[in-house]
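The following exercises introduce a single protein chain. Each task is followed by a solution in steps.

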Amino acid sequence: MKKLITTCCVAAGLLMPLTVTTTVQAEPAYRHPEIHEAIRALEAARVHLKEAKHDFGGHREAALAAVDEALKQLHLAIDFDK
């Protein structure tokens, strides 16, 4: 049992730098926090629209298309700035 605990601690110790490295590398992607916030909001809105029980007077499909286009443009903007 003691050997198992030691092995787990060593494994966790080896994986810890990978987590820190991943976090540090991900930070430059958030140079535009407002754009990333907009992406998250649009993705949440898309889920709500897709799961809605009604079609909002026929506007759901158009709204989904607009959300998809907005997401595409925001991702292109982020990619352009890399």
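A residue is called buried when its relative accessible area is under 20%, exposed when it is over 50%, and partly exposed in between (1.4 Å probe, protein chains only). By this definition, 12% of the 82 residues in the protein chain are buried. The model is predicted, so that local features need pLDDT of at least 70 and side-chain atom pairs count only at pLDDT 80 or more, while totals for chains, interfaces and linings use all residues. Residues are numbered from 1 along each chain as its sequence is written, and side-chain values use heavy atoms, with hydrogens and water left out.

**Exercise 1. Confidence and overall fold**

Task: State which secondary structure the protein chain holds and what its average pLDDT is.

Solution. Step 1: Helices (H or I, at least four residues) and strands (E, at least two) are DSSP runs, numbered from the N terminus. The protein chain has 3 helices and 0 strands, in the order α-α-α along the sequence.

Step 2: The predictor's confidence in each residue, from 0 to 100, is the pLDDT. Its average over the protein chain is 78, and 63% of the residues score at least 70. In residues 4-10 the pLDDT is below 50, and this stretch has 0 contacts in the model beyond near neighbours in sequence; a contact means heavy atoms within 4.5 Å. For residues 19-26 the pLDDT is likewise below 50, again with 0 contacts beyond near neighbours in sequence. Where pLDDT is low, the predicted coordinates should not be read in detail.

**Exercise 2. The third helix and the core**

Task: Determine which residues of α3 are buried and what they pack against.

Solution. Step 1: α3 has 21 residues and reaches 30 Å from its first C-alpha to its last, close to the expected 30 Å; the expected span is 1.5 Å times one less than the number of residues.

Step 2: Arg60, Leu64, Val67, Leu71, Leu74 and Ile78 are the buried residues of α3. They lie on the same side of α3 because they cover an arc of only 90° around the axis, the arc being that of the directions from the helix axis to the C-beta atoms. The exposed residues Glu61 and Phe80 sit on the face turned away from the buried side of α3.

Step 3: The buried residues of α3 pack against α2. A nonpolar core is a set of buried Ala, Val, Leu, Ile, Met, Phe, Trp, Tyr and Cys residues joined through side-chain atoms within 4.5 Å. The largest one here has 6 residues, namely Ile39, Leu49, Leu64, Val67, Leu71 and Leu74. Two or more of its residues come from each of α2 (33-51) and α3 (60-80), and α3 gives the most, with 4 residues.

**Exercise 3. Charged pairs**

Task: Find how many salt bridges the structure holds and where the partners of each lie.

Solution. Step 1: A salt bridge is a side-chain nitrogen of Lys or Arg within 4 Å of a carboxyl oxygen of Asp or Glu. The structure holds 2 of them.

Step 2: Arg31 pairs with Asp81 in a salt bridge whose closest N and O atoms are 3.4 Å apart. Arg31 is in the loop between α1 (2-26) and α2, and Asp81 is in the segment after α3, 50 residues apart. Arg31 is exposed, at 54% relative accessible area, whereas Asp81 is partly exposed, at 29%.

Step 3: Arg46 and Asp68 form a salt bridge at 2.4 Å, N to O. This pair links helix α2, which holds Arg46, with helix α3, which holds Asp68, 22 residues apart. Arg46 is partly exposed at 27% relative accessibility, and Asp68 is partly exposed at 32%.
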